[in-house]
Amino acid sequence: MIRLESLVTLLYRATSALALASALGLGGCGGGASSTGSAPPSPPSKFLGCSSGGASSVSSTPVPAPTFFVLAANDGVSGIELWKTDGTGTGTVLVKDINANPGASSFPGEGGTLFPSEFVFFNGAWFFSADDGVSGPELWKSDGTAAGTVRVKDINPSPGAGSSPKGFTVFNNALYFSASDGGTGAELWRTDGTEVGTLRVKDIAPGLGSVVGILPPAGFTVFNNALYFSADDGVNGRELWKSDGTEGGTVQVKDINADPGASSSPRGFTVFNSLLYFSADDGTTGCELWKTDGTAGGTALVKDINPAADSSPSGFKVFGNALYFSADDGVTGIELWTSDGTEGGTLRVKDINPGPGGSDPFRFTEFGSVLYFSADDGVTGPELWRTDGTEGGTVRVKDINPRTGSLVSELTVFGAALYFSADDDVSGPELWKSDGTEAGTVRVKDINPTSGDGSAPNALTVFNNALYFSANDGVTGRELWKTDGTDAGTMQVKDLCPGSCSGLPFLVILSVRNEALRSTKH
């Protein structure tokens with residue numbers, strides 16, 4: 001049997017991360033909102049974000065800085081359980097064996113499940129979904145101690161069923177998420193951190209409607225003193241909704257696709273210039289760029305970028321005074337686009353891959369007043385690119401892998417450099433950094449020195465003046481690492497699972513990812 005990490009590594013080398021995201025059902029207009037699920041999770045900003053809405057899921061409540069972060073890890077004895085770290089080996093410890101059944105795990109990650117969980121810091125504790133082996137996946141919280149790690153509420157009381165809470169988003173001093181109580185299906189819930197204060201906000205798809213054939217609410221994004229998301233009421237299909245936290249104030253904004261039972265499937269919610277932008281399909285123009293001010297009348301198509309089919313805009317990123325994204329106009333393929341919110345001001349920045357092929361730009365990350373991303377010009381393969389918003393200022397930074405493309409991913413700003421994973425066709429996928437110049441784009445360290453194998457670093461996360469990530473050195477398996485940006489300062493934090501076994505699932509979540517975004521107000 002091929003191990004998950006081997007499979008994903010093969011996929012990593014065989015295709016771009018955008019294609020991998022699509023393979024995992026994370027891109028495109030159909031099938032719901034941008035949540036993992038990015039903003040995510042459009043390709044998610046990170047595979048390991050704390051929030052289902054990626055960079056767009058912004059909290060209206062300032063978030064106190066945690067002194068440690070939590071993660072799902074495996075010591076080879078307890079299974080995949082809750083751990084915490086302060087960045088030191090001695091300070092990296094098991095918090096609690098939530099599922100104490102022999103060989104069982106409280107988090108998924110084995111048996112083909114890719115994503116362990118979500119973690120959100122709220123009211124002085126980390127909230128997450130976990131399975132204690134009795135109640136099924138339910139809402140838990142932890143203050144970093146075994147005694148302070150408790151189930152908040154057994155939302156679905158059926159033994160072992162679980163409510164599967166997800167999409168955790170802080171809004172107006174409460175934590176919102178989707179969950180299924182077993183009777184009304186997956187609906188919008190909120191909690192103040194107590195059992196009695198954990199309540200369903202509204203049964204959007206009344207009765208058993210959301211139990212069968214209807215996906216849960218998703219894409220939770222704070223905008224204009226309300227929580228926006230996509231939901232299906234069982235009548236109008238999956239459309240744009242908003243909530244002020246009350247049952248009466250949870251309403252559909254607009255039935256964008258008015259065909260009976262059809263869905264516009266809005267996703268990629270991103271706040272820009274006091275409006276909320278997203279992709280949606282009105283049933284006539286296909287999947288295109290939309291915007292809303294929160295009213296039905298103020299919810300409108302920005303531009304029909306692809307008149308013949310879907311332009312499928314995704315990867316929305318606010319940069320400067322414009323919104324950047326990838327889209328397909330039906331002529332040049334998927335390329336880099338920008339919008340000022342008007343039809344006339346929605347333009348392609350550059351045809352990076354001339355002709356109909358498309359460059360598939362994604363992973364938009366601002367660094368040093370420039371927007372960086374991965375793109376394929378059709379000659380060098382997927383490499384690191386940058387733009388200042390002009391055609392002439394949109395250039396490749398470096399051809400890291402002259403043969404097939406370096407498959408740049410995990411773009412993360414730390415200190416005075418942009419860090420990422422890349423494959424130079426010699427060392428395999430390793431940790432790299434760039435100051436924005438060709439000469440200043442270098443490998444940080446060959447963590448796995450076996451020729452061509454690579455350590456495949458992911459989950460790049462800034463915490464306490466260091467950059468943390470997971471990597472496989474070829475000897476101790478996939479474990480927790482950190483770097484100060486130098487070869488000598490790049491080291492394993494702890495061999496969580498002693499020996500050659502891996503202490504971290506391949507697509508692990510490090511809890512502090514994007515927490516800073518939660519405390520930012522648009």
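This passage walks through a predicted model, starting with its confidence and moving on to its cores, a sheet and a few single residues.

Confidence comes first. The mean pLDDT of the protein is 85, and 81% of its residues reach 70 or more. Two stretches call for some care. Over residues 31-62, pLDDT stays under 50, although the model has 153 contacts beyond four places in sequence for them. Residues 513-522 also stay under 50, and here the model has 40 such contacts. Where pLDDT is low, the predicted coordinates should not be read in detail.

Next come the nonpolar cores. In soluble globular proteins, nonpolar side chains tend to be buried together. The largest nonpolar core in this model has 25 residues, and the members that touch the most others are Leu-82, Phe-107, Phe-119, Trp-126 and Phe-128. Two or more residues of this core come from each of β1 (69-74), β2 (80-85), β4 (119-122), β5 (125-131) and β33 (466-472). The biggest giver is β1, with five residues. Another core, of 13 residues, lies apart from this one, and its members include Phe-122, Ala-125, Val-152 and Ile-155.

Just past β5, the chain runs into a loop that leads to β6 (137-142), and Asp-132 sits in that loop. Is Asp-132 buried or exposed? With a relative accessibility of 16%, Asp-132 counts as buried, because the cut-off for buried is under 20%. Its side chain is busy with the backbone of the loop: it reaches the backbone nitrogen of Val-134 at 2.8 Å, and one of its polar atoms lies 2.8 Å from the backbone nitrogen of Ser-135. Leaving aside residues up to four places away in sequence, Asp-132 touches Ile-98, Asn-99, Trp-140 and Arg-151.

Now for a sheet. Strands of a sheet pair through backbone hydrogen bonds, either parallel or antiparallel. Here, four strands make an open sheet in the order β20-β21-β22-β23, and the pairing is antiparallel. The edges are taken by β20 (314-319) and β23 (346-350); each has a single partner strand, so one side of each is left without a neighbour in the sheet. From one strand to the next, the twist averages 35 degrees.

Going through the pairs, β20 is joined to β21 (residues 322-328) by four bridges in the antiparallel sense. One of the links is that between Phe-319 and its bridge partner in β21, Ala-322. On the other side of the sheet order, β22 and β23 are also antiparallel, with four bridges. In this pair, Trp-337 has Arg-348 of β23 as its bridge partner. The two strands form a hairpin with six residues between them, and in the turn Gly-341 has a positive phi of about 100 degrees.

Strand β22 covers residues 334-339, and Ser-339 belongs to it. How buried is Ser-339? Its relative accessible area is 1%, so Ser-339 is buried. Its side chain makes a polar contact of 2.8 Å with the side chain of Thr-346. Ser-339 and Leu-323 are 16 residues apart in sequence, yet their C-alpha atoms are 5.2 Å apart in space. Residues up to four places away in sequence aside, Ser-339 touches Phe-272, Leu-289, Val-302, Ala-322, Leu-323, Phe-325, Gly-345 and Thr-346.

Ala-322 turns up again in connection with Asn-273. This asparagine is found in the loop between β16 (267-272) and β17 (275-281). At 52% relative accessibility, Asn-273 counts as exposed. Asn-273 and Ala-322 are 49 residues apart along the chain, with 8.5 Å between their C-alpha atoms.

The last stop is Thr-299, in the loop between β18 (287-292) and β19 (300-303). Although it is a loop residue, Thr-299 is buried, with a relative accessible area of 2%. What does its side chain contact? There is a polar contact with the side chain of Thr-292, at 2.6 Å. A polar atom of the Thr-299 side chain also lies 2.6 Å from the backbone oxygen of Thr-295. Again not counting residues up to four places away in sequence, Thr-299 touches Leu-240, Val-253, Lys-254, Ile-256, Phe-278, Trp-290, Lys-291 and Thr-292.

Technical notes
Residues numbered from 1 in each chain as written. Predicted model: local features only at pLDDT ≥ 70, side-chain atom pairs only at ≥ 80, totals over all residues. Heavy atoms only, no water. Buried < 20%, exposed > 50% of the residue type's maximum accessible area, 1.4 Å probe, protein only. Polar contact = N/O pair within 3.5 Å; in protein donor to acceptor, adjacent residues only side chain to side chain. Contact = heavy atoms within 4.5 Å. Pairing = 2+ DSSP bridges. Axes fitted to C-alpha atoms, helices over the stretch in contact; angles between N-to-C directions. pLDDT = per-residue confidence, 0-100. Core = buried A, V, L, I, M, F, W, Y, C linked by side-chain atoms within 4.5 Å.
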